[in-house]
Structure formats: structure tokens, C-alpha cells
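This briefing concerns the single protein chain shown below. Please read the points alongside the sequence and the coordinates.

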Amino acid sequence: MQNELVGEILSVARDRICRAHPYLATALARLVPCTEENLATAATDGARLFCNPAWLRSRFLEDESAVTSLLLHAITHCLLGHIHAVKDDDPLSVHLACDLQAAFLLADHLPEFCPFCREACYLELKQRFGWMEDLHALANALGKDDYVRDHREEIGKLLSLDEHALWARAREEEHARCTGGGEGVAEGWQRAAKGLRMGSGGGNIGSGTASLRQKVELGAAERTEFATYLHKYASLRENARDDPDSFQTALYLYGGEICGAPLIEPLEYREEKRIDTLVIAIDTSGSCARGLTQRFLELTRDILCSEGLFFRRFNLRILQCDVQVQRDDCITSMRAFERYIDDLTIVGGGGTDFRPVFQRIDEHIASGALRGLKGMLYFSDGRGIFPSKPPSYEVTFAFLKHRFDDIDVPNWVRRLVIDAPVPKGGEYFEY
């Protein structure tokens, strides 16, 4: 029951963040809620967010926004690589520097979730240290600063939203995982930070400037329309999660008190309507750029995550095609989807013929590889040869606005028009 409590409270915080900033959904989903009564408050090891259930419940009832700030604070530590950057023998000023860097980032990009950003103490710290980017240089400056020494208790209460007690254990587990050939938690967060933009018009986490990818955008109405299309592709099946509404709480508690064991156990699965199988086709003719394609995949991923549309395990086919299918990738987890986006390689550059994609999908359906397919997305400029007959599943084409022309588009195709920059210096984008 304690695990369910922690999960439900953190779920409320995640939903609140995702409603305002859907692009954070993937990062938020990386931390699994867990119960740890030995903690005073909460702590993360990069893979899980451990919370003392009694403290979390009390904090949530006292101030719901405080839990939201806690979750964002923990996520920011992970995105900035703090857990694996701090050494076991580092002084306390390094941990304070981690909290201050997290505060700077969140206050700059998500001020609505940072109640401390107008506090006099924070503003003083921002003025003194806001220009410093190196973690250990910041820690050294904090350790020597008179203002920090005189206001240490106030600063700690303002910025230390979680405990760092699990960081040393996380570094040991990371070393063992990487030595054994497994994928490291730090590597996963580096990929998440690489493609994450903190808010509309903001810069990337880390260094560097935004590229062409950020210019492909969906307005509120377009995003809602896109999400509606994706919801139509969902199907009902069991998902691996507890279903607390499927049993009588009174009987459950009564059995525990009288018999020493609950009379009714919660179900291990619950039926949910989500996307089990989906196809995303990418037009890799000379008129679609890698940057635009990558941004479209990011937008699709963000909506799928924020709407909670994928099951824990799913069947996603991504096909690249110009006049023939150039790549056919099968993806079964969100982590694999993230890796595909980050390492995206476009294969093609010829003309445009949509028919080979539909032929390949028919082959997969016949073989059982795409059992239960309800719909597909096709990212293209819309200029190509369409099949003469509609398929057995629904099709949504995402067209580039500056090249969209529906003269040759069949009536059975759903249209989603995406705003994108007009290419400079010629008809085609270059990869």
C-alpha cells in the first residue's frame, strides 16, 4: 500500500508538469517511484526516486507544489550528471553546488515550479554565482564565500529539496553495470539531456546552440489534433501495474486485522487502452532533412509519453523509404526509441514513392509481426505516388506546411500540417 501511495502522489506531480511541458515526459518517466522508510525525505539514485511515504504524504497535503518541485529537482540532478560527477571524498560545498546548479536551471526555464526564485537569498546567490558553469569551481567559490558561510542554514533549507545519500551507492552500481557490459544509467541521462530543450525557445541543457530541429513546431490546436489521432490507434489489453480500484479496501483491511492476511489481493494487471502496435514511416527523399525528421520523432515521442499512450512493452516499426524501403527497424521500449532518435541516420535521397511502405506493412501483417495494427504515421512533404486503394488501417500523413499540396492526396489520408522553415538556397534540404 505504501508503494501505491508514493506512486500515486508522484503521478499527480508528473501529470502537472507534463500538462505544462509535454517534452519533459520522457525524462520524468525515467525515475521509478519507490518507498524507503529509512530516508527522512526523498533521494534518487538515477534510476529510482525513493521517498519516505509518511513524509511524502504529509508534504503533499501541506503543499502539493512542493512535491512537484522535489520531482523536478531530482530530475535536474540526473540531467546535469551530478550523481556520477560527485566523488565520495568531495566536501559538502560540492553537494551545495549541485543544488544551486539545479536551482539556477529550473528557475531560468521553469519558474512557475520554483517558488524560491523570488526569494532574496536566491537572488543574492544568483548575482554572486549565476555566471559560473563548472561544478567544482562553483563549489570552491561557495566554500570561500562569506555570505554563504553566514547564511548556510537558510540556503540549505531553500535549495536542498532532496537527500544525496544514495549517490555513492549509485556510482558503485554504475561501475559494476558498465564493467559487466551493461548500459549505464549515466549514459541514459546523457542521451536524455542531449535532446532535451528546457521550454519553448530555450536552449539545450549543456552547451551549444539550438539547431534546425527546434523550428519544427506544433501549435496547441495541432498538438491536440495529433494526440486525438494517436488515441484512435490505441487498443485495450492488460498492462503490468497494480489496479487498486479492483478490490474492496474494507475487506482487505479486515482480513489483515482478523486473519493475519488480506482476504483479497490486488490484481497484478489492469486493462488499459493504449497503443500496442504502431508504424512510423519516414520519407527519406531529397526534400526532407534529418533535422526536421528528428524533431518530428521527438514531437511524436513527447505526445506519446505525455498522453501515456504506450504500454510498457510495445511494437513500434520505423520505416525509411524514398522509392524503396531503405530501413526497417523494430523498437519495443521507450529507451530504444530514444536511442533511435538520438542516433538517427537517414538512408535515401532519391524520389518519393509511398507504395513500398504499404507493401512492407502488408507483409508484416501477414507474417504476424504487426498483429493488431490500427494506424500509422507518415512524415513527408506529401509529393509522391500514393496507393490506389486505402489499407485496412488508418493513415495519418504529417506534411510540411511550406510544401503541402493536397491535390494528389487521397481522401482516405488524414492530414496533419506541421509548420517548418522554408529551405534556403534551393528546392531541397540537404542531409
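Leaving out residues up to four places away in sequence, Ala398 is in contact with Phe296, Tyr378, Phe379, Ser380, Leu416 and Ile418. Ala398 belongs to strand 9 and counts as buried, because its relative accessibility is 4%. The model is a predicted one, and the points below treat its confidence, its overall make-up and selected residues in turn.

**Strand 9 and its surroundings**

- A wider reference point for Ala398 is Phe226: the two C-alpha atoms are 9.2 Å apart, while 172 residues separate the pair along the chain.
- Glu394, in strand 9 (residues 394–400), forms a salt bridge with Arg414, with an N to O distance of 2.3 Å.
- Arg414 lies in strand 10 (residues 413–418), so this salt bridge ties together parts that are 20 residues apart in sequence.
- Glu394 has a relative accessibility of 33% and therefore counts as partly exposed, whereas Ala398 in strand 9 is buried.

**Confidence of the prediction**

- The mean pLDDT of the protein chain is 78, and 74% of the residues reach at least 70.
- Among the elements, helix 17 (residues 355–367) has the highest mean pLDDT, at 94, and strand 4 (residues 235–240) has the lowest, at 57.
- The pLDDT falls below 50 over residues 197–216, a stretch that nevertheless has 42 contacts in the model beyond near neighbours in sequence.
- The pLDDT is also below 50 over residues 423–431, where the model shows 23 contacts beyond near neighbours in sequence.

**Overall composition**

- The protein chain contains 17 helices and 10 strands.
- It comprises 431 residues, of which 50% count as buried.
- Among contacts with a separation of 6 or more, 68% involve residues 24 or more positions apart.
- The exposed area of the protein chain is about 20,600 Å², and carbon and sulfur atoms supply 48% of it.

**Salt bridges**

- The count of salt bridges comes to 13.
- One of them joins the side chains of Arg30 and Glu338, at 2.9 Å from N to O.
- Arg30 lies in the loop between helix 2 (25–29) and strand 1 (32–35), and Glu338 lies in helix 16 (residues 334–342), so the pair ties together parts that are 308 residues apart in sequence.
- Both partners are buried: Arg30 has a relative accessibility of 13%, and Glu338 has one of 4%.
- Arg59 and Glu62 form another salt bridge, in which the closest N and O atoms are 3.6 Å apart.
- These two residues are separated by about one helical turn, because they are 3 residues apart in helix 3 (residues 53–62).
- Arg59 is partly exposed, at 28% relative accessible area, whereas Glu62 is exposed, at 60% relative accessibility.

**A buried acid without a salt bridge: Asp322**

- Asp322 occupies the loop between strand 6 (310–321) and strand 7 (325–331).
- Although buried, Asp322 has no salt bridge, and the nearest side chain of opposite charge, that of Arg360, is 11 Å away.
- Which backbone atom does the side chain of Asp322 reach? The partner is the backbone nitrogen of Gln324, at a distance of 3.2 Å.
- Apart from neighbours within four places in sequence, the contacts of Asp322 are Thr284, Ser285, Gly348, Gly349, Gly350, Gly351, Thr352 and Asp353.

**Asp276 in strand 5**

- Asp276 is located in strand 5 (residues 269–283) and is partly exposed, with a relative accessible area of 23%.
- The side chains of Asp276 and Thr277 make a polar contact at 3.4 Å.
- Asp276 and Phe310 are 34 residues apart along the chain, and their C-alpha atoms are separated by 6.6 Å.

Methods:
Residues are numbered from 1 along each chain as its sequence is written. This is a predicted model: local features need pLDDT of at least 70, side-chain atom pairs count only at pLDDT 80 or more; totals for chains, interfaces and linings use all residues. Side-chain values use heavy atoms; hydrogens and water are left out. Helices (H or I, at least four residues) and strands (E, at least two) are DSSP runs, numbered from the N terminus. Buried means under 20% relative accessible area, exposed over 50%, partly exposed in between (1.4 Å probe, protein chains only). Contact means heavy atoms within 4.5 Å. Accessible areas come from the Shrake-Rupley method with a 1.4 Å probe; for residues, only the protein chains shown count as cover. A salt bridge is a side-chain nitrogen of Lys or Arg within 4 Å of a carboxyl oxygen of Asp or Glu. pLDDT is the predictor's confidence in each residue, from 0 to 100. A polar contact is a pair of N or O atoms within 3.5 Å; within protein, one must be able to donate a hydrogen and the other to accept it, and residues adjacent in sequence count only if both atoms are side-chain atoms. Lys and Arg count as positive and Asp and Glu as negative; His and the chain ends are not counted.
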